[in-house]
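This report describes the sheets, helices, core and aromatic contacts of one protein chain. The sequence and structure are shown first.

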Amino acid sequence: MQENPYITTYRDSKSIERIFKAINALAKSLKKPLKIMEVCGGHTHTIMKYALPALLPKNIEFVHGPGCPVCIMPKNRIDCAYHLARQENVILVTLGDMIKVPGSYGSLQEARANGLDVRFVYSPLDVLKIAKENPSKRVVYFAIGFETTTPMTAALLERIINEKLENVLLHINHVLVPPPLQAILSNKNCQINALLAPSHVSVITGSKIYAPLLEEFKIPIVVCGFEPLDVGESLLSILKQVLENTPKVETQYARSVTKEGNIKAQQLVEKYFCLEDNFHWRGLGEIPYSSLRLKESYQDYDASIVFKDCLKGIAKDEHKHCLCGEILKGNKKPYDCKLFGKACNPQNPLGSCMVSSEGACAAYFKYQGINAS
């Protein structure tokens, strides 16, 4: 199959070599080590797939962040989905990776193997077809994701309302990027001094959402594309900001991201959603106003309200040996976990970072294997 020349431009080996030579040259002037958090799991996979850490000097390090929507989902939310699937005449629907994340009672994939009607879709709008084909069932969509996927859930709700479907409910688990970053950077022991900001999220929100983080923490923030040359260009930009002491929000991924973002998508989200008071993040705990819920005027479509009695009292504990939480905060790497590649692997994942296609553990396992370091 012929390669797309638009993509290969950003994978050109000579261009990558040239930009990383420039990075290594500038890094000699750093007064202290540079620890850069790539927020998005897509960036983690690019970095590991193309072995970019091997091109860096010792005083520059990548650490992984909380930008994988499956990885940050706590066990109690999986347990909610499991309980919903157990209700009479319910079809539980969610996106692909979510079905494999283990909860207290097993994964949703195991729930399906045990006879519960659990289905995964590639698009939230597929829920409409399932609902129309099963009018006597209640279809519950377990909605996940950051600002990238929230507009799709809003579009789904709008279609449900317009088509007068009365057998669809939404269980909302949509979260926001800035609040967990603010929580991580506020920790007194935090050593992160630059961010590679997620590009897909920024297409929707615009780069403006990072301005408060810049104002509070005075660190470089660069919205980065997903190709190796994108990462190299973003690193070079970060280095120049550090050496010139001019931290700012920059958009390397200008071919898709603007300052204001997708206004129409933002308006659609604002029509149906409002901030939730609290959300329990895997590894980060409770973060106020870090997630969304349906507005009260749409509570008839809210599964967390309709099924509130069966969702009470679900514990929030995590697997005590899994390091997903510390990995998502940038404190640990997958190899630091004693379970990595042994008890925890893609066939038998104990933590969400090994499950998701964007998870750091999955990236390390896929591209570097068990014994690399």
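A charge is said to sit over a ring if NZ of Lys or CZ of Arg is within 6 Å of the ring centre and within 35 degrees of the ring normal. In this predicted model, the charged end of R255 sits over the ring of Y10, 3.9 Å from its centre.

The model is predicted, with local features requiring pLDDT of at least 70 and side-chain atom pairs counting only at pLDDT 80 or more, while totals for chains, interfaces and linings use all residues. Residues are numbered from 1 along each chain as its sequence is written, and side-chain values use heavy atoms, with hydrogens and water left out.

**The two sheets**

Helices (H or I, at least four residues) and strands (E, at least two) are DSSP runs, numbered from the N terminus. Two strands pair if DSSP finds at least two bridges between them. Axes are lines fitted to C-alpha atoms, for helices over the stretch in contact, and angles run from 0 to 180 degrees between N-to-C directions. Contact means heavy atoms within 4.5 Å.

One open sheet has 5 strands in the order 2-1-7-8-9, with parallel pairing. Strand 2 and strand 9 (249-251) stand at its edges, each with a single partner strand, so one side of each is left without a neighbour in the sheet. On average, neighbouring strands of this sheet are turned by 20° against each other, direction ignored. Strand 1 (residues 34-38) is joined to strand 7 (residues 194-197) by 3 bridges, and M37 stands opposite L195 in strand 7. Helix 3 packs on this sheet, touching strand 1, strand 2 and strand 7, and its direction makes about 120° with that of strand 1.

Another open sheet has 4 strands in the order 4-3-5-6, again with parallel pairing. Its edges are strand 4 (118-121) and strand 6 (168-174), each with a single partner strand, so one side of each lacks a neighbour in the sheet. Strand 5 (residues 138-145) runs parallel to strand 6, and 7 bridges join them. Within this pair, I144 stands opposite N173 in strand 6. Helix 6 (residues 126-133) packs on the sheet, its direction making about 170° with that of strand 5. Helix 7 (residues 150-162) also packs there, touching strand 5 and strand 6.

**Core and buried residues**

Buried means under 20% relative accessible area, exposed over 50%, and partly exposed in between (1.4 Å probe, protein chains only). A nonpolar core is a set of buried Ala, Val, Leu, Ile, Met, Phe, Trp, Tyr and Cys residues joined through side-chain atoms within 4.5 Å. The largest such core has 121 residues, and Y141 and L195 are among those that touch the most other members. Beyond its neighbours within four places in sequence, Y141 is in contact with residues including V93, V121, L156 and L170.

S199 lies in helix 9 (residues 199-205) and is buried, with a relative accessible area of 0%. Its contacts beyond four places in sequence include H43, C224 and Y253.

**Aromatic pairs**

Rings of Phe, Tyr and Trp (its six-membered ring) pair if their centres lie within 6.5 Å; planes under 30 degrees apart count as stacked, over 60 as edge-to-face and the rest as tilted. The whole structure holds 8 aromatic pairs, including the following.

| Pair | Centre distance | Plane angle | Type |
|---|---|---|---|
| F120 and Y122 | 5.9 Å | 85° | edge-to-face |
| F279 and W281 | 5.9 Å | 80° | edge-to-face |

F120 is partly exposed at 35% relative accessibility, and Y122 is exposed at 76%, whereas F279 and W281 are buried.
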